[in-house]
Amino acid sequence: MKALLLAGGLGTRLRPLTEHLPKPMALVGNRPWLEHLVLNYREQGIREFVIAVKHYRERIQSRLGDGARFGVSIQYAVEKELLGTAGAIKNAEPLLGERFLVVNADIIHRFDFAAALRFHESRRGLATLLLTEVEDPSPYGVVECEPDGRIRSFVEKPKREEAPSNRINAGVYIMEREALKHIPAGRVVSIEKETFPLLVRSENGIYGYPIDGYWMDMGTTARYRQLHWDVLDRRFPLALGGKEIRDRIWIGEGVQVGQGVLFMPPVLIGDNTTIGDRSIVGPYTVVGDSCRIGSGVRISHTILWERCKVRGGAQLHQCIFGSGMRVGPHILHEAVCNRTLEVRG
Ligand code: GDD
Ligand code: MG
């Protein structure tokens, strides 16, 4: 079965990190999330992928290519204009089979695919939506189900007080090709606002399958940050590069650590990074590959992508910096930047 990964959206809520990058290419634990996603699904036996792309698609295509590097095959369905979540699926129709998986590529999750498939086969609906529970369902698609799992209603992003339940669309669907007949071609269609409400009323209907375990939509900086803390605390068991030298201190290959450096767990340091004398790194800190951290630097609760340069004496707290940032000897709190900027002290 093929998996269609939806990765064409604008990612506005994760700006400025996603100003020139598709959201699913944001680094999670020093690697683009989309790579983790492909590898996680490969573990579940999926070998063929279609990625629905639009914005900054070359960033995805140059990195993931035809998938050979990951032991899978990857095809691309390119939209000339953004077609919305259902429009993107319809656009990919020529590349899809009788039954396929659709995944919002910005969600972090893991589930038992074989069990979900058995559920889907037993219900014979046009689609099975994976469901999870959250405290505040208002930023998501909210569903109500019959006892056998048939979805009675689907409402996208309701007001909190109007949400019929806390059960939400986890953003992963097993779909029958038949469902695509209900999506008009060549125009913008939202699966959440148009297609699901329509399919709920169709003869075969659509079903919801609750999943347990970790689930996160990385679509805002607050959630993106929390996701990293959860990864470092091993609440989500993402494969991390480097060696765990002590409890929750992972150090990559070729890392040079100066005199008197203190790592406070949890910390992840990428490959070929240099850390200057007397710096204190952590807790809750990810430093990307090939970064240069000066002497006497203090970093905590911060995520640095690859190739960042932080001058001696800088103090970074609760920051997120995109690739190649240069930071002067400044005290920065809650800064989120992706442009190279020399902040002078
Ligand atoms: N190719 C393509 N074309 N991809 C798109 C388009 C499009 O027009 N629009 C969105 N996407 C991709 C995004 O890149 C993202 O990976 C995914 O589809 C979902 O879009 P988001 O913009 O992140 O949606 P959301 O988080 O507000 O809500 C969706 O996800 C929730 C779960 O995280 C909805 O499906 C909700 O119902 C759901 O609960
Ligand atoms: Mg999202």
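A salt bridge is taken here as a side-chain nitrogen of Lys or Arg within 4 Å of a carboxyl oxygen of Asp or Glu. By this criterion aspartate 233 forms a salt bridge with arginine 235, in which the closest N and O atoms are 3.6 Å apart. The structure under analysis is a predicted model, and 20 salt bridges were identified in it.

Arginine 235 also engages a second carboxylate, since its side chain meets that of aspartate 230 in a salt bridge with an N to O distance of 2.9 Å. The two acidic partners of arginine 235 were assigned to separate accessibility classes. Aspartate 230, at 5% relative accessibility, is classed as buried, because buried denotes values under 20%. Aspartate 233 has a relative accessible area of 21% and is therefore partly exposed. These contacts belong to a network of salt bridges that links Asp230, Asp233 and Arg235 with Asp247 and Arg248.

A further salt bridge was found between the side chains of aspartate 136 and arginine 160, at 3.5 Å from N to O. This pair connects distant parts of the chain, its members being 24 residues apart. Aspartate 136 is located in the loop between strand 8 (127-133) and strand 9 (141-145), whereas arginine 160 occupies the loop between strand 10 (151-156) and strand 11 (167-176). Both residues fall in the partly exposed class: the relative accessible area of aspartate 136 is 27%, and the relative accessibility of arginine 160 is 46%.

With regard to the strand arrangement, an open sheet of 5 strands was assigned, with the order 17-20-23-26-29 and parallel pairing. Strand 17 (262-263) and strand 29 (331-333) are located at the edges of this sheet; each has a single partner strand, so one side of each lacks a neighbour in the sheet. For strand 29, the parallel pairing with strand 26 (residues 315-317) comprises 3 bridges. Within this pairing, leucine 316 has leucine 332 of strand 29 as its bridge partner.

The analysis of internal space identified 1 cavity of 30 Å³ or more. The largest cavity encloses about 60 Å³ of space. Its lining is formed by Asn40, Tyr41 and Gln44 together with His109, Arg110 and Phe111. Classified by residue type, the lining of the largest cavity consists of 2 nonpolar, 3 polar and 1 charged residues.

Note on methods: Residues numbered from 1 in each chain as written. Chains lettered and ligands numbered in written order. Predicted model: local features only at pLDDT ≥ 70, side-chain atom pairs only at ≥ 80, totals over all residues. Heavy atoms only, no water. 1 Å grid on protein atoms, 1.4 Å probe; cavity = no way out; pocket = protein on both sides within 12 Å on 5 of 7 lines; lining within 4 Å. Points joined across faces, edges and corners; volume = space filled by probe spheres on them. Nonpolar A, V, L, I, M, F, W, Y, C, P; charged D, E, K, R; others polar. Pairing = 2+ DSSP bridges. Helix = DSSP H or I, 4+ residues; strand = E, 2+ residues; numbered from the N terminus. Buried < 20%, exposed > 50% of the residue type's maximum accessible area, 1.4 Å probe, protein only.
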